[in-house]
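I opened this entry to record what I looked up on confidence, the nonpolar core and the cysteines. The structure comes first, and my notes follow.

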Amino acid sequence: MSADLPASDGPPEDLAGFRPRDSMPSLPPGLREAAMERIAAKRGPLTWLRERPTGQRRALALALVGACVASGLLSIKGSGALAILFGAVAAGGAWLSLQPLHQPEVPRATRWLATAGAVALVVALAFLDPLAEPAPVAARLKCFVPGATIALGVYVVWRALSRRPAGFASFAGATAAGLTANGFLAARCGAGDWQHMLLGHASVLGVLLVLAFLLEKALPAR
């Protein structure tokens, strides 16, 4: 055996002071209770929904969009093709806005172009029939209430499903909800004059986008 080897199997002198401590340091007062409260606050139906796999959350959102548009097609008085177009664009917005957290966000220019494109689509299609007979003034807003009700319902469900209901995702969800309502109205409403289409139909999307903007300003980031 070489004379350079240590005579003992014990640790070298420079490591002799590194001994496991008898006990871990105590936590600051109240830290454990605060952590347990935060864990408890994240339980419930909303947390359960947001923890579902992305495919399930998207399927639920698409089913809701489809059900709303299909309910308008059941007693069609307007344009079925236009209703399906709005429903398809709404489904695309819902799909995009519920992407997994690990995926990178859509480029900024694309995000805002998509939102502006949806608004332009609704406004442009309001003038689809420029020769349509104007509706009475009192009837120009008659579609706004049912449309806004459907849009708000879809948007509430979307926020319940979304893991990041902020930034572009919030506007994409609002756009999807507004377009869903426009799909329902396009099937159920036989009016075609631009004043009614703007005030009773397209305005629903505008209100949802304003709501998303206000929520962005009022709610803390999650």
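**Confidence**

I compared the elements of this predicted model and found the lowest mean pLDDT, 54, in helix α1 (residues 31-41) and the highest, 95, in α3. Here pLDDT is the predictor's confidence in each residue, from 0 to 100, and helices are DSSP runs (H or I, at least four residues) numbered from the N terminus. The protein averages a pLDDT of 82, and 79% of the residues score at least 70.

**Conventions**

I noted that local features need pLDDT of at least 70 and side-chain atom pairs count only at pLDDT 80 or more, whereas totals for chains, interfaces and linings use all residues. Residues are numbered from 1 along each chain as its sequence is written, and side-chain values use heavy atoms, with hydrogens and water left out.

**Nonpolar core**

I looked up the largest nonpolar core (buried Ala, Val, Leu, Ile, Met, Phe, Trp, Tyr and Cys residues joined through side-chain atoms within 4.5 Å); it holds 38 residues, and Phe 86 and Val 122 are among those touching the most other members. The elements giving two or more residues to this core include α4 (80-97) and α7 (168-188). The largest share, 11 residues, comes from α7.

Leaving aside neighbours within four places in sequence, I found Phe 86 in contact (heavy atoms within 4.5 Å) with residues including Val 122, Leu 179 and Ala 186.

**Cysteines**

I searched for disulfides (cysteine sulfur atoms within 2.5 Å) and the count was 0. Cys 189 is in no disulfide, and the nearest cysteine sulfur, that of Cys 143, is 3.7 Å away. Cys 189 is buried (under 20% relative accessible area, 1.4 Å probe, protein chains only), at 8%.

Notes: Buried means under 20% relative accessible area, exposed over 50%, partly exposed in between (1.4 Å probe, protein chains only).
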